[in-house]
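Biologist: I have the sequence and the fold on screen. Can you walk me through the strands and the surface?

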Amino acid sequence: MITTLVVALAALGFGLAQVLVLFQAVYLYYPLVGALLARAYPPAPAEPPAAPPRRIAVLIAAHDEEAVIGGALDALAAQIYPADGFDVFVVADNCHDQTAAIVRRTGATVLERFTDGPSTKGQALAWLWQHVRHRGHLGVVVLDADNQAAPDFLGAIAAELSRGHPVVQGIRKAKNPDGGTAGLDALTELCTHRVGAAGRMRLGLGGPLMGSGVGYQVALFDSLIAEVGQTVVEDCEWQARLALAGTPVRWTDHAVVYDEKTARAEAMGTQRNRWMAGRGQVARAYFGPLMRRFAATGDALALDTALFLVAAPRSLLLAGMGGFLLLATILPGLPGLWPAWVWLGVCLGFVAYVLIAMWLDGASRRDYLRLLRGVGQLPRFTWQMAGATWKALSGAAVRWVPTPHGR
């Protein structure tokens, strides 16, 4: 009797775990439909804007970024956009290096901020905006200190803002897709943009909101920055707030910004801990309201955003799918375990997801070879994501520790 009960409970547990993994896989894969449709039937070219915003405030929060801030400012100086049409403001937040001096030498405006305790990027940006918001700007662009904007980046963001989009997210690409940890980081973001963002846009949903390479109408930015929460992922929190208000994020691959991917495994772990813990904070605060909005209005954007907040990291999802495939192969008679061919199909779907994303991005043979070199880092990458996810689930507190840059 007891043995039968244990077997039944184990089978139930296996069944629920498999349903959860399969649901997460479907959520990950479904934008592929939109991404392929967008490739096969691209939208008609947008009408030229009547008059793009002529005054844009570019905000950068920097913490000990002397190694990269000069490159970011040089890229802004090379923009194909009227020089009198944008101003660059940098907050040197608790800096103890030459960040502020480097900014001053370029002619950009730098404000130094020092706090008694830990700070967050959102708090630094809010403080900066409070000091520069009354200067007549019509748009706001947020960049990171390691970002290098393509020459037409500001023009592309300004054009979308002038068409009436309240918030515009550009595409972020890696400066250093060199394989290893940085290569996996670059590949993750490539999939986010080329499949997740492009597919959702084609299906009528909003794209992702990221911490940099993004532009806002001033009125919207005012409302978002006025309520900077205590989370360390202000972009994720703002995306949830926008979805609650029914405001989709306009994503465009015409506005390109390059950022540095984390090359050191230890720094990657710290970064992922912050991201996942912060997303856990946002999920606890916004998952319920987003689901209630979906139940009341049928708003697909609210549902998609709620599911995003509780989605498993891709590396962990792959580990779960591979684990079930292994079990189904070596223990096919295990109670409650689905056939191996089911999990083989789900795993092949993941391979297709990655390869299609690379194909949509115009990957070269060298890129595919780089992917193979990076596979060896996947176990460590997955282990770090497992630890970061545990911190998110347990509600562990983390603080904003800027990722080391040098490229």
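**Strands, crossovers and a surface patch**

Modeller: Seven bridges join strand β1 (residues 56–62) to β2, and the two strands run parallel. Keep in mind that this is a predicted model.

Biologist: Which residue of β2 is the bridge partner of A62?

Modeller: A62 lies in β1, which covers residues 56–62. Its partner sits in β2, residues 86–93. That bridge partner is A92.

Biologist: What handedness does the crossover from β1 to β2 have?

Modeller: The chain leaves β1 and passes through helix α3, residues 69–77. From there it reaches β2. The β-α-β crossover is right-handed.

Biologist: How many bridges join β2 to β3?

Modeller: Strand β3 spans residues 109–113 and runs parallel to β2. Helix α4 (residues 99–106) joins β2 and β3 in a right-handed β-α-β unit. In the pairing, V90 stands opposite V110 of β3. The number of bridges between β2 and β3 is five.

Biologist: How many of the eight residues of β2 are buried?

Modeller: Buried means under 20% relative accessible area. By that cut-off β2 is mostly covered. The count of buried residues is seven.

Biologist: Now the surface. Why does V33 count as exposed?

Modeller: V33 is found in helix α2, residues 31–40. Along with L37, Y41 and L203, V33 makes a nonpolar surface patch of about 380 Å². Exposed means over 50% relative accessible area. V33 counts as exposed because its relative accessible area is 51%.

Technical notes:
Residues numbered from 1 in each chain as written. Predicted model: local features only at pLDDT ≥ 70, side-chain atom pairs only at ≥ 80, totals over all residues. Heavy atoms only, no water. Patch = residues over 30% accessible without salt bridge, like charges linked within 9 Å, V, L, I, M, F, W, Y side chains within 5 Å. Areas by Shrake-Rupley, 256 points an atom, 1.4 Å probe, with all protein chains shown as cover. Salt bridge = Lys/Arg side-chain N within 4 Å of Asp/Glu carboxyl O. Helix = DSSP H or I, 4+ residues; strand = E, 2+ residues; numbered from the N terminus. Buried < 20%, exposed > 50% of the residue type's maximum accessible area, 1.4 Å probe, protein only. Pairing = 2+ DSSP bridges. Right-handed = clockwise from strand over helix to strand, strands pointing away.
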